[in-house]
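Trainee: I am new to this structure and would like a close look at one part of it. Could you pick a good starting point and then connect it to whatever lies around it?

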Amino acid sequence: MKMEITTKNYRVSDRLEHILSTKLKKLDKYFPDKDTPCKVVLTDLGRQCKMEISITYHGTYIRSEVVGNTMYYNIDTCLPKLERQLVKHREKLNKAYKMPERPQEYEFVSEVEVEPVEIAKTKSFSLDRMTALEAAENLDMLDHDFYLFVNDETGNVEAVYRRKDGTIGLLQPYVR
């Protein structure tokens, strides 16, 4: 990891820089690239100190900011935050790209649960009295797959439909 330290109203001691680089090296296990940029901004706010650490890796921006009494305290607070974010991001990626596991054994379910069916649309229309041949002609004119009508000869509701082979079929329902 390539560490870049920027300061605002603060002077970095060699000891602080050494501790920062040592502790940030522990985060290298999350990045296969050794050239991952890590930007550390240290700011003196008067009685308190502010530390910001941001890491950019393949378009992902991971950042932690802490305000505390000393920079050494901030290191111990900021780095665990970063590590939690990295672990969370890694788990998210693994979950997104994980292939579903195949079952080792097939289990047979005795009861099949069926989801309830909802009617998406209701349409009302009037049925005309006609013969089956007239209904077949209407089917051709409307270019539908089926046509409902009241058969003039029987008085029952019937349907003509277009079969897969192009011919026309007639459905004549009856009540048992």
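**A loop, a helix and what surrounds them**

Mentor: Let's start with Lys29, which counts as exposed because its relative accessibility is 58% and the cut-off for that word is over 50%. Please keep in mind that this is a predicted model.

Lys29 has a partner: its side chain forms a salt bridge with Glu83, and the closest N and O atoms are 3.7 Å apart. Glu83 belongs to helix H2, while Lys29 sits in the loop between helix H1 (14-25) and strand S2 (37-44), so this pair ties together parts that are 54 residues apart in sequence. Glu83 itself is partly exposed, with a relative accessible area of 31%. By the rule used here, the count of salt bridges comes to eight.

Now look at Tyr30. The loop between H1 and S2 holds this residue too, but Tyr30 counts as buried, at 13% relative accessibility. Leaving aside residues up to four places away in sequence, Tyr30 touches Glu83, Leu86, Val87 and Arg90. Glu83 is therefore a salt-bridge partner of Lys29 and a contact of Tyr30. Along the chain, Tyr30 and Glu83 are 53 residues apart, yet a separation of 8.8 Å is found between their C-alpha atoms.

Leu27 adds to this picture. With residues up to four places away in sequence left out, Leu27 touches Met1, Ile55, Leu79, Leu82, Glu83 and Leu86. Glu83 and Leu86 thus appear here as well as among the contacts of Tyr30.

Leu27 also leads us to the largest nonpolar core, which has 24 residues; Leu24, Leu27, Leu42, Met51 and Ile53 are the ones that touch the most other members. Which elements give two or more residues to this core? They are H1, S2, strand S3 (49-57), strand S4 (60-68) and H2. Among them, H2 gives the most, with six residues. Apart from this core lies another one, of six residues, including Ala135, Leu139, Phe149 and Val160. We will come back to Phe149 shortly.

Before that, let's follow strand S2, where Thr43 has its place. Is Thr43 buried or exposed? Thr43 counts as buried, since its relative accessibility is 10% and buried means under 20%. Beyond residues up to four places away in sequence, Thr43 touches Lys8, Gln48, Cys49, Lys50 and Met71.

One of those contacts, Lys50, takes us to a group of charged side chains. Lys50, Glu52, Arg63 and Glu65 are linked in a network of salt bridges. Within this network, Lys50 pairs with Glu52, with 3.5 Å between the closest N and O atoms. Arg63 and Glu65 meet in a salt bridge as well, at 2.7 Å from N to O. How covered are these residues? Glu52 counts as buried, at 16% relative accessibility. Arg63, at 33%, counts as partly exposed, and Glu65 is partly exposed too, with a relative accessible area of 34%.

Now for the other core and its surroundings. Phe149 is found in strand S6 (residues 146-151) and is buried, with a relative accessible area of 0%. How far is Phe149 from the end of S2? Between the C-alpha atoms of Phe149 and Asp44 there is a separation of 86 Å, for two residues 105 places apart along the chain. The contacts of Phe149, not counting residues up to four places away in sequence, include Leu127, Met130, Ala135, Val157, Val160 and Leu170.

Two of these contacts, Leu127 and Val157, join Phe125 in a nonpolar patch on the surface, which has about 260 Å² of accessible area in total. Phe125 lies in the loop between helix H2 (71-97) and strand S5 (129-130). This residue is exposed, with a relative accessible area of 52%.

Finally, a database label. In an unreviewed entry, UniProt lists residues 116-170 as "domain: Sigma 54 modulation/S30EA ribosomal protein C-terminal". In this model, that span is 20% helix and 31% strand, and its end C-alpha atoms lie 30 Å apart.

Technical notes
Residues numbered from 1 in each chain as written. Predicted model: local features only at pLDDT ≥ 70, side-chain atom pairs only at ≥ 80, totals over all residues. Heavy atoms only, no water. Patch = residues over 30% accessible without salt bridge, like charges linked within 9 Å, V, L, I, M, F, W, Y side chains within 5 Å. Areas by Shrake-Rupley, 256 points an atom, 1.4 Å probe, with all protein chains shown as cover. Salt bridge = Lys/Arg side-chain N within 4 Å of Asp/Glu carboxyl O. Helix = DSSP H or I, 4+ residues; strand = E, 2+ residues; numbered from the N terminus. Buried < 20%, exposed > 50% of the residue type's maximum accessible area, 1.4 Å probe, protein only. UniProt positions renumbered as here; feature names shortened; annotations may be inferred. Core = buried A, V, L, I, M, F, W, Y, C linked by side-chain atoms within 4.5 Å. Contact = heavy atoms within 4.5 Å.
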